[in-house]
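Dear colleague,

I am handing over a structure that you have not worked with before. Please open it alongside this message and read the notes below with it in view.

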Amino acid sequence: MDASKVDLFMMMNSKYFDGFQLQSVRQMLTELPDEKWGWVQTLQFKDPTFVLIISLLAGSLGIDRFFIGDTGLGLGKLLTCGGFGIWSIVDWFLIMSAAKERNYRKLQEVSIR
Amino acid sequence: MTRKRVYFFVGVLCLVGYIRLIGHVSCGWSHVVTGCLFHRVTGVPCPSCGSTRSVLFLLKGDFLSALHANPLGYVVFLPMVVFPLWILFDLICGKDGFWRLYQSAEAVLRIKYVWMVVLVLIVTNWIWNIYKYT
């Protein structure tokens, strides 16, 4: 893919990924054929800050996990009062990187497809 | 979510659940630890408040009181017995049966009608919970 398009994507979307993922995201996009640019542009990423806010407000109901797509863990969290109150606190620190990892996976799926 | 992380999360969750149960049975924690962050912050019980009481009733064989404390106690009780054993079995024998169950359960839960039914059941239970405990 064009270097200018990759730069544009990186400028717009770098906040959705972890620092250590950025280099491989750039590489993945560079190797991607041009006709997939449309796919990449329409991807909806989860905003890690927004997920953190959800986690702070409704973390003990597991809604943060449901939101990023971890349905199984979300249900587990819901059924145990947020993991007996401990997991919901632990998740305040884990959920942002979990969301970023989800975004990375999403991009990976498009590049493989 | 990787396989290792799911095993870790579920294993730790079960372990904390057992510590909590043992604390309740032998040390009388019920007056000390409420555990539920949601209940402490808002004063309103969460959908699964009362499931510890329910599991305790189930251990005594009092099925009706368990149902009245919180029907989710039944839903929590079975995984707490089966999942740790299954995880141990998988780890020792190097298999991934639990991981496949987790993935297929997630796939089923993503079907629109399934999660809508689950949501309605949980919200109904929550309303009953609020009615009972406030």
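What follows describes the contact between the chains and then the nonpolar cores.

Please keep in mind throughout that this is a predicted model. The contact draws 26 residues from chain A and 27 residues from chain B, and the area buried between chain B and chain A comes to about 2,200 Å², with carbon and sulfur atoms giving 73% of that area. Between chain B and chain A the count is one salt bridge, in which the side chain of B:R5 meets that of A:E101 at 3.1 Å, N to O. Six residue pairs are in polar contact between chain B and chain A, both residues being at pLDDT 80 or more. On the side of chain B that touches chain A, at least two residues each come from α1 (3–27), α2 (37–42), α5 (72–93), α6 (97–109) and α7 (112–133) of chain B, and the largest share, six residues, is that of α1(B). Sorted by class, this side of chain B has 18 nonpolar, five polar and four charged residues.

Turning to the interior, the largest nonpolar core has 17 residues, and those that touch the most other members are A:F9, A:F17, A:V25, A:L29, A:V40, A:F45 and A:L107. In chain A, α1 (3–13), α2 (19–31), α3 (37–42) and α8 (86–112) each supply at least two residues of this core. Leaving aside neighbours within four places in sequence, A:F17 is in contact with several residues, including A:F9, A:V25, A:F45 and A:L107. There is also a second, separate core of twelve residues, among them A:W87, B:Y7, B:L13 and B:I87.

With best wishes

Notes. Residues are numbered from 1 along each chain as its sequence is written. Chains are lettered from A and ligands numbered from 1 in the order in which they are written. This is a predicted model: local features need pLDDT of at least 70, side-chain atom pairs count only at pLDDT 80 or more; totals for chains, interfaces and linings use all residues. Side-chain values use heavy atoms; hydrogens and water are left out. Contact means heavy atoms within 4.5 Å. Buried area is the accessible area (1.4 Å probe) that two parts lose on being put together, summed over both. A salt bridge is a side-chain nitrogen of Lys or Arg within 4 Å of a carboxyl oxygen of Asp or Glu. A polar contact is a pair of N or O atoms within 3.5 Å; within protein, one must be able to donate a hydrogen and the other to accept it, and residues adjacent in sequence count only if both atoms are side-chain atoms. Helices (H or I, at least four residues) and strands (E, at least two) are DSSP runs, numbered from the N terminus. Ala, Val, Leu, Ile, Met, Phe, Trp, Tyr, Cys and Pro count as nonpolar, Asp, Glu, Lys and Arg as charged, and the others, Gly among them, as polar. A nonpolar core is a set of buried Ala, Val, Leu, Ile, Met, Phe, Trp, Tyr and Cys residues joined through side-chain atoms within 4.5 Å. Buried means under 20% relative accessible area, exposed over 50%, partly exposed in between (1.4 Å probe, protein chains only).
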